[in-house]
Amino acid sequence: MRARPNGLLLIPAAALVVHQARYSLAYGGRASTELATQGHAYLHSVVPWTVLALGIGASMFLRRVARTAQTGSSGTFTRQSAAALWAMTTAALIVIYVLQETLEALRVSGHPAGAAGVFGHGGWWAIPVAAVVALGVVALLRLGGIVLRLASRLATSRARGRSLSMRLPRSIALLAPAPLALARAGRAPPA
């Protein structure tokens, strides 16, 4: 079974969380007003697609768990350490944030341009938020690996139990045989 990049379906939601949390930390109670002023109203149309990506990822994961519980084969896992995976996810979330803010500066009126549009007005909050959100993504991926390993063990223990159990017939019918069919018929033969 080849590895599937199901974890990538967590990234759109993680990027949205980074973006929204950055504004919440920078502006507090005025975050929604600042988002609207700076042209971020389009993000409301992104939320359903993000939820769809999460739903697809969750259903793919549940199918993989069910298949693993049946076959005992969980497939391959990443060879990356948790720290390396966290660093890559953090970097990816920061890059996504920078690209998103840069595109917004180019396309949306009211959005600050240049480095001020990316890291100004509290934009630097995106860096620690990305690190925390990446930690959550890695924790979810590791938890998924644990669930898959448990499902694999469950399948192998069930298979061992099946091979040790004795098969019994579903029903036993006791029929009284005809007396002449027995070796001794119940009376002697005629003389």
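Q: Helices are DSSP runs of H or I with at least four residues, and they are numbered from the N terminus. In which helix is the place of Val147?
A: The model discussed here is predicted. By the definition of a helix as such a run, residues 126-164 make up one of these elements. Val147 has its place in that run, which is helix α6.

Q: How many helices and how many strands does the chain have?
A: Read from the N terminus on, the elements follow the order α-α-α-α-α-α. The count for the chain is therefore 6 helices and 0 strands, with both kinds of element taken from DSSP runs.

Q: What percentage of the residues of the chain count as buried?
A: A residue counts as buried when its relative accessible area is under 20%. The chain has 191 residues. Of these, the portion that counts as buried is 29%.

Q: Which helix gives the most to the largest nonpolar core?
A: In soluble globular proteins, nonpolar side chains tend to be buried together. The largest nonpolar core here has 12 residues: Ala14, Ala15, Val18, Leu93, Tyr97, Val118, Ala126, Val129, Ala130, Val133, Ala134 and Val137. At least two residues of this core come from each of α1, α4 (82-107) and α6. With 6 residues, the helix that gives the most to this core is α6.

Q: What distance separates the end C-alpha atoms of α1?
A: Helix α1 has 17 residues, and the expected span is 1.5 Å times one less than that number, so the helix should span 24 Å. The value found in the model agrees with this expectation: the end C-alpha atoms are apart by 24 Å.

Q: Which residue follows α1 with a positive phi?
A: Within α1 the buried residues are Ile11, Ala13, Ala14, Ala15, Leu16, Val18, His19, Arg22, Tyr23 and Tyr27. The helix is then followed by a glycine whose phi is positive, near 65°. That residue is Gly28.

Q: Is Pro12 buried, partly exposed or exposed?
A: Pro12 is found in helix α1, and its C-alpha atom is separated by 8.8 Å from that of Trp49, 37 residues apart along the chain. Its relative accessible area is 37%. Because this value lies between the limits of 20% for buried and 50% for exposed, Pro12 is partly exposed.

Q: Which residue takes a positive phi just after α3?
A: Helix α3 covers residues 43-71, and its 29 residues should span 42 Å, which agrees with the 42 Å between its end C-alpha atoms. Its buried residues are Leu43, Thr50, Ala53, Gly57, Arg64, Val65, Thr68 and Ala69. Just after this helix, a positive phi of about 85° belongs to Gly72.

Q: How far apart are the C-alpha atoms of Ile56 and Leu9?
A: Ile56 is found in helix α3, where it is partly exposed with a relative accessible area of 39%. Ile56 and Leu9 are 47 residues apart along the chain. Their C-alpha atoms are separated by 7.7 Å.

Q: What length does α4 reach from its first C-alpha to its last?
A: Helix α4 has 26 residues, and those that are buried in it are Leu85, Thr89, Thr90, Leu93, Tyr97, Gln100, Glu101 and Glu104. At 1.5 Å a residue, 38 Å is expected. Close to that expectation, α4 reaches 37 Å.

Q: Is Arg153 buried or exposed?
A: Arg153 lies in helix α6, and its C-alpha atom is separated by 9.1 Å from that of Thr68, 85 residues apart along the chain. Its relative accessible area is 57%. Since a value over 50% counts as exposed, Arg153 is exposed.

Q: What accessible area do Leu140, Leu143, Ile146, Val147 and Leu150 have together?
A: These residues form a nonpolar patch on the surface. One of them, Val147, is partly exposed with a relative accessible area of 31%, and because patch members need over 30%, this value meets the cut-off. The accessible area of the patch is about 440 Å².

Q: Is the aromatic pair of Trp124 and Trp125 stacked or edge-to-face?
A: The structure holds 1 aromatic pair. Its ring centres are 4.5 Å apart, with 25° between the planes. Because planes under 30 degrees apart count as stacked, the pair of Trp124 and Trp125 is stacked.

Conventions:
Residues numbered from 1 in each chain as written. Predicted model: local features only at pLDDT ≥ 70, side-chain atom pairs only at ≥ 80, totals over all residues. Heavy atoms only, no water. Phe/Tyr/Trp six-rings, centres within 6.5 Å; stacked < 30°, edge-to-face > 60°. Buried < 20%, exposed > 50% of the residue type's maximum accessible area, 1.4 Å probe, protein only. Patch = residues over 30% accessible without salt bridge, like charges linked within 9 Å, V, L, I, M, F, W, Y side chains within 5 Å. Areas by Shrake-Rupley, 256 points an atom, 1.4 Å probe, with all protein chains shown as cover. Salt bridge = Lys/Arg side-chain N within 4 Å of Asp/Glu carboxyl O. Core = buried A, V, L, I, M, F, W, Y, C linked by side-chain atoms within 4.5 Å.
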